[in-house]
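Good morning, colleagues. Please look at the structure on the screen while I describe how one sheet, one helix and a few aromatic side chains are arranged.

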Amino acid sequence: MPFFGILSFIEMSVFFALTINEREGVLMTQQKTYKKISQESIETITSIPIIDLAAVMGDNLVRKGKQYQIPCPNPNHQENISDNAYIDPTKNVFKCFSCGAGGNNPVAYYATKTFGEYIPKQHFIKSVKGIAELMGIQLKFEDGSVMGK
């Protein structure tokens, strides 16, 4: 007798639905709700100069003309020459000329230094929360609640 011959149509539907949801990593009974960070808090975090964030994160800043030379923020950097990254404080950008890591906001810098890369959909929220914690900034959520300080 085939396996599905002993199951009713409803049981088969539930079985297939659970199988599909397990593959997608979705648990139907445990849906999470996330608070949305207010636009004001996001603008506060993204307006922080990268040079200030680098200093707070413990990078050795060496002034070279109008730029600052820093160790590459990418922890996966394979080169022996690790001080080939620069921050331009006038443009608020960072770039490593060996491995190509770079960005134009503190969220990208934090994510690159912490996670080894910056993928906005994966790292944005974690990076914003991490920067707020490092810099002592309160994060406000759209529901009115506050995190930090």
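Strands β3 and β4 are joined by four bridges and run antiparallel to each other. One of the residues involved is A85, whose bridge partner in β4 is C96. I should say at once that this is a predicted model, and my remarks should be taken in that light.

Let us widen the view to the sheet. It is an open sheet of five strands, ordered β1-β2-β3-β4-β5, and the pairing is antiparallel. At its edges are β1, residues 62–64, and β5, each of which pairs on one side only.

Which strands does helix α4 touch? The helix packs on the sheet and touches β2 (67–70), β3, β4 and β5. Its direction makes about 35 degrees with that of β4.

How enclosed is this helix? Seven of the ten residues of α4 are buried, so the helix is largely enclosed by the rest of the structure. The buried residues in α4 are P106, V107, A108, Y109, Y110, A111 and T112.

The two ends of the helix also deserve a comment. At the start of α4, a side-chain oxygen of N105 comes to within 3.0 Å of the backbone nitrogen of V107. After the helix comes G116, which has a positive phi, near 90 degrees.

I turn now to the aromatic side chains, where the count comes to two aromatic pairs. In one of them, Y86 and F97 are tilted, with 6.1 Å from centre to centre and 55 degrees between the planes. This pair links distant parts of the chain: Y86 belongs to strand β3 (residues 85–88), while F97 is in the loop between β4 (93–96) and β5 (102–103), eleven residues apart. F97 is exposed, and its relative accessible area is 55%.

The other pair is formed by F94 and Y109, in an edge-to-face arrangement with 5.0 Å between centres and 90 degrees between planes. Because F94 lies in strand β4 and Y109 in helix α4 (residues 106–115), the pair ties together parts that are 15 residues apart in sequence. Are these two residues buried or exposed? Both F94 and Y109 are buried.

A last item concerns a charge and a ring. K35 lies over the face of F141, 5.4 Å from the ring centre.

To close, I would return to the helix and the sheet: α4 packs on the sheet, and the F94 and Y109 pair ties strand β4 to that helix. Thank you; I welcome your questions.

Technical notes. Residues numbered from 1 in each chain as written. Predicted model: local features only at pLDDT ≥ 70, side-chain atom pairs only at ≥ 80, totals over all residues. Heavy atoms only, no water. Phe/Tyr/Trp six-rings, centres within 6.5 Å; stacked < 30°, edge-to-face > 60°. Buried < 20%, exposed > 50% of the residue type's maximum accessible area, 1.4 Å probe, protein only. Lys NZ or Arg CZ within 6 Å of the ring centre and 35° of its normal. Polar contact = N/O pair within 3.5 Å; in protein donor to acceptor, adjacent residues only side chain to side chain. Pairing = 2+ DSSP bridges. Contact = heavy atoms within 4.5 Å. Axes fitted to C-alpha atoms, helices over the stretch in contact; angles between N-to-C directions.
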